[in-house]
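User: I'm new to reading protein models. Could you walk me through a few features, one at a time?

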Amino acid sequence: MRKADSDGRFDGAAPAAARGTTHIVRADMPSDDDAQECSLRPQLLDEFLGQRAVKENLSVFINAARERKESLDHLFLIGPPGLGKTTLAEITAHELGADFKVTSAPALEKPKDLVGILSTITPRTVFFIDEIHRLKPAIEEMLYIAMEDFELDWVIGQGAAARTVRIPVPHFTLVGATTKAGMVSSPLISRFGIIQRFDFYGDEELAAIIRRSAGILQCTVDADAALLMASCSRGTPRVANRVLRRMRDFAQIYGNGCITLPIVRDGLRRLGIDSIGLERYDREILLSIIRHFGGGPVGADTLAISIGESMDTLEDYYEPYLIQCGLLQRTPRGRMVTPKAYEHLGITPGAAREENPSLFD
């Protein structure tokens, strides 16, 4: 699942007027890939592969809270998309034996949306907010009181007759996830008792995830094929599972159902994925900087326009992996390609100069 689509909203001006239920609300018609992605998610910490330090620390905190029969302290998860933040939040609720509710910050449009959810939760509920850096200020301020005092401020009446009442809510655990920690306000971050950062996965970890997912999908995969898929998965389990599903399709149509090394090589070629996992848009980004901007520097907004992508997609999905691979640099003046990018693309700086000499003057 790319991100939670629940809006958690309720009609009416006050919590008592809420009509809807407070369970997880997802898209009405999820895609097959989204449904399969959910089926591949682990349910327990022991099943969650990778992120060893995060998992070990969280296991201690969960066991301690469970022994004390208390809600877990609020948890803040930081990391690029697709590394398992939503999955780990759901596992946390499962390990605690608590309810799990999920929404995304853009879905919380008005304070009553937050009130509608928190006024109906049960004790020790794990409440997950994805993209928490996009919370509106009024909702964020209301969340401060809920996180610290487990109460909600609600205004009744209007004008001179208006008064504020405090509505108690059960002790709950807020899990906030973000891909942009720098955009989260300091007062909000300071209210989280547990802060964990996710790192990109190694090839061996991704190969283990691919083998586990293949077992769930009831397909066989050779060890060397799993390792090749892992090396082309951008350090991200979500991408690894997506590649696995596509290789399963190729193996079914062009092979005997077993995902072998030749099947994976041919499948990656058909999908336009190269030896280090770069996709067509990754290469277009590098080529655009080289051919149109002399190798850089170029601003992110200009670069996004040149390749026809949004700046958020460029910064959140493409750039982190290109930087991790050492192909792209972020500088105060803009984005620049590295010598390694020229080498990977088979372009020499001299050839680029001859093609567009004015850019290098």
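Analyst: Let's go through one helix, a helix pair and some backbone angles. This is a predicted model, where local features need pLDDT of at least 70, side-chain atom pairs count only at pLDDT 80 or more, and totals for chains, interfaces and linings use all residues. Residues are numbered from 1 along each chain as its sequence is written, and side-chain values use heavy atoms, with hydrogens and water left out.

User: What does helix 3 reach from its first C-alpha to its last?

Analyst: Helices are DSSP runs of H or I with at least four residues, strands are E runs with at least two, and both are numbered from the N terminus. The expected span of a helix is 1.5 Å times one less than its number of residues. Helix 3 (residues 85-96) has 12 residues and reaches 17 Å, close to the expected 16 Å. Right after helix 3 comes glycine 97, with a positive phi near 70 degrees.

User: How many residues of helix 3 are buried?

Analyst: Buried means under 20% relative accessible area, exposed over 50%, and partly exposed in between (1.4 Å probe, protein chains only). In helix 3, 10 of the 12 residues are buried, including Lys85, Leu88, Ile91 and Glu95. Contact means heavy atoms within 4.5 Å. The cover over the buried residues of helix 3 includes helix 2 (52-68) and strand 1 (75-78).

User: At what angle do helix 4 and helix 5 cross?

Analyst: Axes are lines fitted to C-alpha atoms, for helices over the stretch in contact, and angles run from 0 to 180 degrees between N-to-C directions. Under 35 degrees counts as roughly parallel, over 145 as roughly antiparallel, 65 to 115 as roughly perpendicular, and the rest as oblique. The axes of helix 4 (residues 111-118) and helix 5 come within 9 Å and cross at roughly 30 degrees, so the two helices are roughly parallel. Among the residues making this contact are Leu114 and Leu118 of helix 4 and Ile139 and Met142 of helix 5.

User: What about unusual backbone angles?

Analyst: Most residues other than glycine have a negative phi, and most peptide bonds are trans. Phenylalanine 150 has a positive phi, near 55 degrees, and sits in the loop between helix 5 (137-149) and strand 4 (151-156). Phenylalanine 150 is at 13% relative accessibility, so it counts as buried. Arginine 234 also has a positive phi, about 60 degrees, and counts as buried at 3%.

User: Which peptide bond is cis?

Analyst: The one from glycine 296 to proline 297, with omega near 5 degrees. Proline 297 lies in the loop between helix 11 (280-293) and helix 12 (300-307).
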